[in-house]
Every structure is written in C-alpha cells, then in structure tokens.
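Hello,

Here is the structure I promised to pass on to you. Please open it first, and then read my notes below alongside it.

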Amino acid sequence: MKTKIRALLYCLFTLLWSSGNNAQQKTDQNNVHEKSPIGIWDGTLKSSKNPLNKTWQIMRKSDGSFIKNEIWKIKGRTQKINRKGTWWTKNGNYYEQYDSDEILQSKEFQLLTDHKIQVTSKDDGSVAVESKVNF
C-alpha cells in the first residue's frame, strides 16, 4: 500500500514538475537556487527530544518554488500536511518559506552525495536527511 501511495505521489510530482518548469524564474539577486537540491526528495526527521517522527516528500523547482507533503506521527497519531512555498540557498544555508505564513526557516545545508542532503535546523539543532527520488 505504501508503495502505491509513493508511486502516486511520484507521478503527481512529476506532472506538477513538468507543468511548472515553464514558470518565470524569480529575479531576486540575493537568492540563489543551487542546482543540487532541485528535484524530488524524500526526507526523514526522528527527534530524540520529543515523540515526533516526521517524513516528507518535497519537490524543489529551479524557479525557487516547492511543494511539500509531510506526514507527522506523534504518540501514535498521524497528521498529513501539504505545503507550498519558496526556497533558496545563500552562504551555505538553506531557506524555506511557506506561502501560508511569514515564518522563515533557516537551516545549514550540506550535500553529502549527489543523491543525499543533510539539513540542520538553526532553531533546535535537529538534523534531517533527504534522499533524491528522481535521478
């Protein structure tokens, strides 16, 4: 069942990716859209500080937009969240801002391999790893 859902999400992201690649690229000179995090990535965050386990699939486009589908598991309860926003990198940091709020997330960004990224939250020090789905 998980495989079918993952395949469906991958197909949906691929359709969105191909239709959105023609979008006008943002011209803000301060924001850089590095090539390495562009694509579809699966991410995992398991917190040792609280009972939150979070997984997601994010599609980062070259125009600086993203779509993120998250699954949060807290004490046996599951919550699904779909988000959109903008992303960019600057001075070795990764930034994400959701369209739904003004909160700017800042993380240290490290490319481990061509297909693996590590991001460390500047807020709480949590470390997440993302693996590229489409390569």
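A word before we start: a residue is called buried when its relative accessible area is under 20%, exposed when that area is over 50%, and partly exposed in between. Please also keep in mind that this is a predicted model.

With that in hand, strand β2 is a good place to begin. Seven of the nine residues in β2 are buried, so by this cut-off the strand is mostly covered. β2 spans residues 52-60 and pairs with β3, residues 65-74, in the antiparallel sense over nine bridges. Within this pairing, M59 stands opposite I67, and T55 stands opposite I71. The two strands form a hairpin with four residues between them. In its turn you will find G64, whose phi is positive, at about 95°.

β2 has a partner in β1 as well. Strand β1 covers residues 39-46, and its antiparallel pairing with β2 runs over eight bridges. There, G39 has R60 of β2 as its bridge partner.

Now for the wider picture. The chain has one helix and eight strands, and along the sequence the helix comes ahead of the strands, in the pattern α-β-β-β-β-β-β-β-β. The eight strands close into a barrel with antiparallel pairing, in the order β1-β2-β3-β4-β5-β6-β7-β8. On average, neighbouring strands of this sheet are turned by 30° against each other, direction ignored.

Some totals for the chain: of its 135 residues, 36% are buried. The chain exposes about 8800 Å², and carbon and sulfur atoms supply 52% of that area. Among contacts with a separation of 6 or more, 38% join residues 24 or more positions apart.

Lastly, have a look at the end of the barrel order. Is T120, in strand β7 (residues 116-121), buried or exposed? T120 counts as buried because its relative accessibility is 18%, below the 20% cut-off. Leaving aside neighbours within four places in sequence, T120 is in contact with K107, E108, G125, S126 and V127.

That last residue, V127, lies in strand β8 (residues 127-132). V127 is partly exposed, with a relative accessible area of 41%. Together with L112 and V129, V127 makes a nonpolar surface patch of about 200 Å².

Happy exploring, and do write back with any questions.

Best wishes

Conventions. Residues numbered from 1 in each chain as written. Predicted model: local features only at pLDDT ≥ 70, side-chain atom pairs only at ≥ 80, totals over all residues. Heavy atoms only, no water. Pairing = 2+ DSSP bridges. Axes fitted to C-alpha atoms, helices over the stretch in contact; angles between N-to-C directions. Buried < 20%, exposed > 50% of the residue type's maximum accessible area, 1.4 Å probe, protein only. Contact = heavy atoms within 4.5 Å. Areas by Shrake-Rupley, 256 points an atom, 1.4 Å probe, with all protein chains shown as cover. Patch = residues over 30% accessible without salt bridge, like charges linked within 9 Å, V, L, I, M, F, W, Y side chains within 5 Å. Salt bridge = Lys/Arg side-chain N within 4 Å of Asp/Glu carboxyl O.
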